[in-house]
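Got your viewer open? Load the model and get ready to click along.

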Amino acid sequence: MMSRPMLLVFLLLVLIITSQFEWRQQLVNDIDTAPAVSQKQQQISKREEMVKEKIILSQEKNIYRLNELIRSLQQQLLQCRCNETSNGATIPFSEHVIELEREQILED
């Protein structure tokens, strides 16, 4: 039978060898999973960029629609103002449009 110190040394060696093997295995697994993780992050960032672009395009379309509505309402307002003027002192419609455009430029 082995002596106690020899048995302890043997167990210590087995422990060291198995721990080294497990440590190397974890390192290899980490190296293998690192590219997969970075690819997933790239895919996620690409998706986020696509979503942001879609949101921006949608907002631009909404802004365009709102500008068209504003123009339409301004024209209707001008028509109402033209109809309200009395005593033959009507201002031509084109002058009202120019006036509104000036006001809009000053507000911007």
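Here's a short tour, one selection at a time.

Before you click anything, keep in mind that this is a predicted model. Start with the whole protein on screen: you should be able to pick out two helices and zero strands. Now switch on the surface. It adds up to about 10200 Å² of accessible area, and 60% of that belongs to carbon and sulfur atoms. How much of the protein is buried? Buried residues make up 4% of the 108 residues.

Next, select residues 4–84, which is helix α1. We'll make our next stops along this helix.

Pick Val9, Leu12, Leu13, Ile16 and Ile17 together. You've just highlighted a nonpolar patch on the surface, and its members share about 470 Å² of accessible area. Zoom in on one of them, isoleucine 17, which sits in helix α1. Is isoleucine 17 buried or exposed? Its relative accessibility is 58%, and since anything over 50% is called exposed, isoleucine 17 counts as exposed.

Now go hunting for salt bridges. How many are there in the whole structure? A full search turns up one. To see it, select arginine 71 and glutamate 68: their closest N and O atoms are 2.7 Å apart. Both partners lie in helix α1, three residues apart, or about one turn of the helix.

Finally, check how open each partner is. Arginine 71 has 44% relative accessibility, so it counts as partly exposed. Glutamate 68 comes in at 35%, so it counts as partly exposed too.

Definitions and conventions:
Residues are numbered from 1 along each chain as its sequence is written. This is a predicted model: local features need pLDDT of at least 70, side-chain atom pairs count only at pLDDT 80 or more; totals for chains, interfaces and linings use all residues. Side-chain values use heavy atoms; hydrogens and water are left out. Patches are made of residues with over 30% relative accessible area and no salt bridge: like charges are joined within 9 Å, nonpolar side chains (Val, Leu, Ile, Met, Phe, Trp, Tyr) within 5 Å. Accessible areas come from the Shrake-Rupley method with a 1.4 Å probe; for residues, only the protein chains shown count as cover. A salt bridge is a side-chain nitrogen of Lys or Arg within 4 Å of a carboxyl oxygen of Asp or Glu. Helices (H or I, at least four residues) and strands (E, at least two) are DSSP runs, numbered from the N terminus. Buried means under 20% relative accessible area, exposed over 50%, partly exposed in between (1.4 Å probe, protein chains only).
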